[in-house]
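Biologist: I'm new to this one, so could you walk me through it? Let me see it before we start.

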Amino acid sequence: MKPKQGLHRGLEERHITLMSLGAAIGVGLFLGSASAIEMAGPAILLAYALGGAVMFIIMRALGEMAIHQPVAGSFSRYAKNYIGPLAGYLTGWNYWFLWIVTCMAEITAVGIYMKMWYPDVPTWIWALAALVIMASINLLAIKAYGEFEFWFALIKIVAIVLMIVTGLGMILFGFGNGGVATGISNLWENGGFAPNGVKGILMSMQMVMFAFLGIEMIGVTAGEVKNPEKSLAKAVNSVFWRILIFYVGALFVIMSIYPWDQIGTQGSPFVLTFEKIGIGQAAGIINFVVLTAALSSCNSGIFSTGRMLFNLAEQKQAPAKLNKISNSGVPSVAVLVSAAALLIGVVLNYLVPEKVFVWVTSISTFGAIWTWSVILVSQLKFRKGLSAEEKKALKFKVPFYPFGSYVALAILIFVVGIMAYFPDTRIALIVGPCWLVLLTVIYYVKGFNKLPDNRNEAA
């Protein structure tokens with residue numbers, strides 16, 4: 001039977017809604033929030049709120065273009081159409097590489113989490129098992145991927161909602177604390193609301209923005225959504241509120257119950273909160289939740305990288321074989337190539353696991369800011385190219401245009417400046433640009449610059 005031409009629109013509204021929710025909730029919220037709190041104290045709430053506002057503008061910019069032109073590859077295609085072929089090429093390959101290295105961290109994390117239950121099994125075995133399982137899911141029909149991601153996201157969401165509700169019970173009614181309400185005085189005691197001043201808040205911004213990596217993946221699904229206008233609009237519009245509830249809400253509860261300078265010294269705040277109300281298996285439960293969070297991120301990463309390779313092949317900026325579609329409507333060759341690249345992560349996990357995470361964080365952070373900046377610039381160019389009638393007919397618009405887009409872009413540039421200022425994050429500005437220079441050299445050596453400039457082609 002001849003493979004069907006074109007990706008299947010098998011993702012329903014509930015898939016997109018939960019996928020976008022899950023994308024906003026990473027492993028960092030469960031286990032990595034402690035280091036951000038250490039930098040800024042309770043004022044980390046302001047950093048997450050600011051970061052959330054920036055991400056809302058970015059997602060509205062992506063939504064404006066995706067609803068007008070729903071295509072696989074999303075922002076890579078928009079970068080090509082509205083900025084230029086080189087920008088589209090760099091953005092597509094950069095996003096592919098960004099998710100490859102991020103997935104390397106996630107499959108390594110799976111091995112670390114499994115050690116709690118199977119301490120004698122080497123982490124690389126679990127990393128390999130996670131890769132094989134997630135790649136297999138991505139080779140099935142798009143609806144199968146959507147179902148797995150739906151349930152993965154649901155587990156994370158339920159855990160956070162339970163933590164917030166339980167925490168509010170402690171704060172207001174003393175639930176699990178002998179009937180003594182804890183109140184919220186911990187937010188300004190122990191050195192004040194911003195114990196490390198403005199510098200502490202600025203230091204945390206890089207980590208805060210890194211936590212939002214993956215939210216833009218909603219745009220990559222545009223070519224496989226049954227009703228893009230309705231589903232994408234709903235998912236994008238709710239991003240800011242989700243960030244407020246799940247990040248600001250959860251951290252507000254945690255820092256109200258525990259002094260900010262003690263968080264992280266005795267394990268995960270989530271584990272401590274559940275143990276306090278008498279759940280003896282709290283550590284095991286949270287370990288299961290973060291395990292599914294890591295698998296979810298890996299699942300999403302393989303999905304994103306496969307679609308980005310497919311899009312690059314369609315634009316003749318990657319080998320033609322990568323645009324093959326299987327009978328189930330999945331870009332199977334592109335998915336397999338991405339999974340094969342992730343085997344490097346298994347090898348690195350075996351050889352130098354402690355160094356992998358430093359490299360991954362550096363590349364991922366730079367890559368995320370590049371992607372978000374390209375989305376904003378593409379939207380500005382897209383809007384300027386429309387006639388007055390077309391602008392009026394837009395069904396989904398960026399709020400406060402163009403002011404909102406320029407402010408969001410300025411904040412992203414400011415975060416890059418912060419990364420350059422602090423030695424711990426400066427390596428990102430070495431690794432990231434070097435990767436882009438390498439891609440640019442390949443672009444000209446391979447003659448991609450001589451391909452027809454078919455901008456604004458039909459979706």
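Modeller: Helices (H or I, at least four residues) and strands (E, at least two) are DSSP runs, numbered from the N terminus. This is a predicted model, where local features need pLDDT of at least 70, side-chain atom pairs count only at pLDDT 80 or more, and totals for chains, interfaces and linings use all residues. Residues are numbered from 1 along each chain as its sequence is written, and side-chain values use heavy atoms, with hydrogens and water left out.

Biologist: How many helices and strands does the protein chain have?

Modeller: Going by those DSSP runs, the protein chain has 0 strands. The helix count comes to 19.

Biologist: Where is K316, and is K316 buried or exposed?

Modeller: K316 sits in the loop between α13 (282-314) and α14 (332-351). In space, its C-alpha is 9.8 Å from that of Y89, although the two are 227 residues apart in sequence. Buried means under 20% relative accessible area, exposed over 50%, and partly exposed in between (1.4 Å probe, protein chains only). Since its relative accessibility is 55%, K316 counts as exposed.

Biologist: What share of the 459 residues in the protein chain is buried?

Modeller: Take the under 20% cut-off for buried. Applied to the 459 residues of the protein chain, it gives 57%.

Biologist: Which helix gives the most to the largest nonpolar core?

Modeller: A nonpolar core is a set of buried Ala, Val, Leu, Ile, Met, Phe, Trp, Tyr and Cys residues joined through side-chain atoms within 4.5 Å. The largest one has 128 residues, and those touching the most other members are I44, Y48, M209, F212 and W372. With 15 residues in this core, the top giver is helix α5 (residues 85-114).

Biologist: Which residues does S378 touch, leaving out those up to four places away in sequence?

Modeller: S378 belongs to helix α15 (residues 353-384). It counts as buried because its relative accessible area is 1%. Contact means heavy atoms within 4.5 Å, and on that basis S378 touches M65, Y78, A79, Y82 and I83.

Biologist: How many disulfides are there?

Modeller: A disulfide is a covalent bond between the sulfur atoms of two cysteines. Here it is called for a pair of cysteine sulfur atoms within 2.5 Å, and the count comes to 0.

Biologist: And how far from C103 is the nearest cysteine sulfur?

Modeller: C103 is buried, given its relative accessible area of 1%. It is in no disulfide, and the nearest cysteine sulfur belongs to C298, at a distance of 4.5 Å.

Biologist: Which peptide bond is cis, the one from Y401 to P402 being my pick to look at?

Modeller: Most residues other than glycine have a negative phi, and most peptide bonds are trans. P402 is in the loop between α16 (388-393) and α17 (403-421), and F400, in the loop between α16 and α17, has a positive phi near 60°. The cis bond, with omega near -5°, runs from Y401 to P402.

Biologist: What is the phi of N190?

Modeller: N190 lies in the loop between α7 and α8. It is partly exposed, as its relative accessible area is 34%. N190 is not a glycine, yet its phi is positive, about 60°.
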